[in-house]
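Please open the structure in your viewer and keep the selection panel at hand. The stops below are meant to be followed in order.

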Amino acid sequence: ADSRDTRYITHPLRDLLTQRVFQIASGYEDGNDANTLRGDPLFKLAADRAPLDTDNLLACGATHSRLEGALNSRDIYRMARALVLQFIAGYSCAPASITLDLDHTDDATYGQQPLSFYNHHYGHYCYLPLLVFEAGKGALVAAVLRPGKRPTGAENAMIMKRVLGLLRQHWPQTHIVLRGDGHFANPELMELIVADGNADFIFGLGGNAVLTRRAEGLMRNARGHLALRRSLAAQGLGPAVAAVRLFGEFEYAAKSWPQAFRVVLKAEVLPGSFGAPDKDNERFVVTSMRGPSPRTLYQQDYCARGQAEGWIKQVKCDLKADRTSAQSFIANFGRLLFAAAAYVLHQQLRQLGLQGTALATAQPKTVILSLFKIAVRVKQYKDRVLLHLPTACPVKALLATVCKRLYPPNSRVRAMLASP
């Protein structure tokens with residue numbers, strides 16, 4: 001809700017948010033870019049304003065700066081909630097199952113931003129936001145700006161409890177799988193998922209002395225298997241083998257866990273470099289799932305979480321979600337959510353308009369350069385606006401295809417308010 005006095009409002013809140021998100025989605029991530037783009041015909045058209053009128057400019061950079069500074073914790077909660085709700089609204093009916101990829105990423109800071117801490121793993125001061133993606137289509141489900149320290153299990157559970165609560169309000173029967181690295185193998189989050197009754201988890205698990213002892217038998221088999229394969233290869237009885245990878249499983253329960261869970265082990269022996277001895281490479285995954293075999297669960301179910309790294313790079317590098325240089329944590333949280341909204345626009349464009357085209361899997365930066373930052377001639381009439389592309393425009397056919405998909409000929413499009 002807009003708390004400003006309506007008597008003195010020039011730019012409605014909807015127009016401010018539309019302008020900010022569309023600018024980020026088009027490659028103009030800085031708030032002060034609005035100073036030069038406030039009169040741009042296409043951005044005015046996106047905000048339902050007559051594009052060529054001169055008395056209906058969009059907001060300037062100072063107005064957007066005041067908007068960020070006026071945000072409070074309730075506003076952030078509503079925006080974060082809206083992000084989850086738009087993900088739910090993308091489905092016409094409840095899916096049978098979804099997989100959510102959870103991952104933290106570093107957001108480097110260079111000033112005196114509140115809650116910016118030194119993180120030894122990344123080697124610099126940073127925030128450590130949490131991003132949640134749907135694994136099938138790369139839809140962004142949640143984005144939470146966090147301090148730069150390692151998250152606790154209680155914090156992970158607190159965030160995911162709210163996300164799962166919203167999902168369960170609309171999809172009570174959907175099977176939900178949460179997938180993440182060792183940061184999420186916490187008893188609080190495990191207990192939350194088990195209590196759901198129709199959810200599972202696949203988390204990486206850091207090694208310890210107990211797990212190493214349990215894995216020693218399979219590791220011994222892997223070393224012997226590698227030695228045998230090398231011996232056979234030396235006699236010309238088989239192909240040369242550089243490494244051996246075996247999979248196994250066992251039940252394990254840490255003292256803090258609510259119960260024992262299935263642990264999948266990858267027992268791998270890698271060749272040493274420059275004459276060094278072979279290297280053991282054991283990895284553990286803890287899961288509440290019983291069906292998949294150890295090899296399938298590790299290689300197909302768990303390792304597939306690596307695709308989330310690419311989506312994180314799109315949010316951070318292409319849409320500049322790491323521009324968190326404001327003087328308040330809340331304002332920086334708002335900037336992250338603005339960038340998240342811009343990612344949603346790109347993801348929906350790929351899903352609804354670009355499928356089957358050359359840009360079906362393109363990153364936002366490629367889409368921006370190929371489709372957004374091109375020359376166009378704008379002609380405004382009383383009842384319509386015409387956009388004329390150059391005769392030699394290389395993406396003319398692609399733009400026509402996208403427009404037909406997003407706005408079918410029989411659909412009713414709300415008319416722009418006519419110029420006085």
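The tour passes from the nonpolar interior to one helix, then to the salt bridges and the surface. Please bear in mind throughout that this is a predicted model.

**The nonpolar core**

Begin by selecting L100, L167, L178, F203 and V286. These residues touch the most other members of the largest nonpolar core, which has 79 residues. Next, colour helix α11, residues 329–352; this helix gives the most to the core, with 10 residues.

Now centre the view on F203. Apart from residues up to four places away in sequence, F203 touches L178, R179, G180, D181, F184, A185, L189, I193, V285, V286 and Y302. A second core, separate from the one just visited, has 11 residues and includes L354, C393, L398 and V402.

**A buried glutamine in α11**

Return to helix α11 and select Q347, which is found there. Is Q347 buried or exposed? Its relative accessibility is 3%, so Q347 counts as buried, the cut-off for that class being under 20%. Display the surroundings of Q347 as well: beyond its neighbours within four places in sequence, Q347 is in contact with K137, G138 and A139.

**Helix α7 and its buried face**

Select residues 187–196, which form helix α7, and show the side chains of P187, L189, M190 and I193; these four are buried. Turn the model to look down the axis of α7: the buried residues fall within an arc of 160°, and therefore line one face of the helix. In an α-helix there are 3.6 residues a turn, so residues three or four places apart point the same way.

What covers the buried residues of α7? Among the covering elements are α6 (153–170), β7 (175–180), β8 (199–205), β10 (261–270) and β11 (279–287). Then move to G197, which follows α7 and has a positive phi, near 90°.

**Salt bridges across the chain**

The structure holds 20 salt bridges; three of the pairs are visited here.

Select R14 and D48, whose side chains meet in a salt bridge at 3.8 Å, N to O. R14 lies in helix α1 (residues 13–25) and D48 in the loop between α3 (41–46) and α4 (61–70), so that the pair links parts of the chain 34 residues apart. D48 is partly exposed because its relative accessibility is 28%.

Proceed to E29 and R323, where the N to O distance of the salt bridge is 3.2 Å. This pair links the loop between α1 and α2 (34–37), which holds E29, with the loop between α10 (307–318) and α11, which holds R323; the two residues are 294 apart in the chain. At 15% relative accessibility E29 counts as buried, whereas R323, at 33%, is partly exposed.

The third pair is E68 and R335, with the closest N and O atoms 3.1 Å apart. E68 belongs to helix α4 and R335 to helix α11, 267 residues apart. E68 has a relative accessibility of 7% and therefore counts as buried. Add R20 to the selection: salt bridges that share partners join R20, E68 and R335 into one network.

**A nonpolar patch on the surface**

Finally, switch to a surface display and select L42, V376 and L387. Together they make a nonpolar surface patch of about 210 Å². L387 is found in strand β13, residues 385–388, and counts as partly exposed because its relative accessibility is 43%.

Notes. Residues numbered from 1 in each chain as written. Predicted model: local features only at pLDDT ≥ 70, side-chain atom pairs only at ≥ 80, totals over all residues. Heavy atoms only, no water. Core = buried A, V, L, I, M, F, W, Y, C linked by side-chain atoms within 4.5 Å. Buried < 20%, exposed > 50% of the residue type's maximum accessible area, 1.4 Å probe, protein only. Contact = heavy atoms within 4.5 Å. Patch = residues over 30% accessible without salt bridge, like charges linked within 9 Å, V, L, I, M, F, W, Y side chains within 5 Å. Areas by Shrake-Rupley, 256 points an atom, 1.4 Å probe, with all protein chains shown as cover. Salt bridge = Lys/Arg side-chain N within 4 Å of Asp/Glu carboxyl O. Arc of directions from axis to C-beta.
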